[in-house]
Amino acid sequence: VGGEGGGLAPPPPMVLEAQMGYICHVLRLAAMDYSLVSASAPSSLLQTYAPDGAAVLNSLAWCRSLLSSPLVDIVASTREAAWFGGSDEQAAILRRAGSSFKAIVGVPCLESPGMWGSDGQCVRPAEGAVLGVLVLYATHPIPQTQQTALLLSLLGSSIAAATLAAPAQSRTLSPATSYSLHPQPSASSALGWLLLVAARVVQADVAEHWRAELGSAGGGVSAR
């Protein structure tokens, strides 16, 4: 587990934060953790994103102490996503603990990101060493559908790609832990979050989405 990838630093914190914000928005998550994994050391929590801020801290503390670390180890070992909260027994455990979470999902970030065609079909599955593991926390059930599995695989691959694309000078064996709590944006969209990710990846000041359309006569192109 971890392999040679264990020596790589994680993606830059601002890039990782934008990626976390995007998936939290799309899946309406309460929080998300990103942990580094290595064959030579225990997994370590690196960064957290919680849209509702401190409101979820108690549930997060309980889950981290009893569930998150074993879940991270399972995902790192099997190299596959792992779900908790879907069965009646698991749901009862969360209720007895007073946790507000209904679903906890671990997602691997593999060293060689997967590739998908324009039709949404996987051209090349993600492979290689496990660089890190994402843990998603939701106060509602997350459907275990093919679409959700594809989205989570894309997320793991995008974070792995950001890790490998990080500047060489930022790759350290012991990156500093950062902890982010942000209020829910008053006006946000999935496209807005993706633009933020793109801007932070290339360190752009502005990111825009343009749509090109043929003119009514078919002779010109207008952009919006």
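Before anything else, one term: when I say contact, I mean heavy atoms within 4.5 Å. With that in hand, hello everyone, and please keep in mind that we are looking at a predicted model.

Let's start with the whole chain. Among contacts with a separation of 6 or more, 70% are between residues 24 or more positions apart. The chain is built from five helices and 10 strands. Of its 224 residues, 39% are buried. The accessible surface is about 11,900 Å², and carbon and sulfur atoms hold 56% of that.

Now to the inside. In soluble globular proteins, nonpolar side chains tend to be buried together. Here the largest nonpolar core has 26 residues, and the members touching the most others are Leu29, Met32, Tyr34, Leu134 and Leu136. Which elements give two or more residues to this core? They are the helices and strands α1 (13-27), β1 (31-38), β2 (41-50), β4 (103-112), β7 (127-138) and α4 (146-164). The top contributor is α1, with six residues. There is also another core, lying apart from this one, with 22 residues that include Leu67, Ala76, Phe84 and Val135.

Let me zoom in on Leu134. Setting aside residues up to four places away in sequence, Leu134 touches Met20, Met32, Asp33, Tyr34, Val105, Gly106, Val107, Cys109, Leu155 and Ile159.

You may have spotted an aspartate in that list, and Asp33 deserves a moment. Asp33 sits in strand β1. Is Asp33 buried or exposed? Its relative accessibility is 3%, and the cut-off for buried is under 20%, so Asp33 counts as buried. What do the polar contacts of its side chain look like? One, of 2.8 Å, goes to the side chain of Arg64. Another, also of 2.8 Å, goes to the side chain of Tyr137. Beyond its neighbours within four places in sequence, Asp33 is in contact with Met20, Leu45, Gln47, Thr48, Arg64, Val133, Leu134, Val135 and Tyr137.

Last stop, the cysteines, for those of you thinking about your buffers. Cys63 has 0% relative accessibility and therefore counts as buried. Cys109, one of the residues that Leu134 touches, is likewise buried because its relative accessibility is 0%. How many disulfides turn up in a search of the whole structure? The count is zero.

So that's the tour: the chain as a whole, the cores, Asp33 and the cysteines. Thanks for listening, and I'm happy to go back to any of these residues on the screen.

Notes: Residues are numbered from 1 along each chain as its sequence is written. This is a predicted model: local features need pLDDT of at least 70, side-chain atom pairs count only at pLDDT 80 or more; totals for chains, interfaces and linings use all residues. Side-chain values use heavy atoms; hydrogens and water are left out. A nonpolar core is a set of buried Ala, Val, Leu, Ile, Met, Phe, Trp, Tyr and Cys residues joined through side-chain atoms within 4.5 Å. Buried means under 20% relative accessible area, exposed over 50%, partly exposed in between (1.4 Å probe, protein chains only). Helices (H or I, at least four residues) and strands (E, at least two) are DSSP runs, numbered from the N terminus. Accessible areas come from the Shrake-Rupley method with a 1.4 Å probe; for residues, only the protein chains shown count as cover. A disulfide is a pair of cysteine sulfur atoms within 2.5 Å. A polar contact is a pair of N or O atoms within 3.5 Å; within protein, one must be able to donate a hydrogen and the other to accept it, and residues adjacent in sequence count only if both atoms are side-chain atoms.
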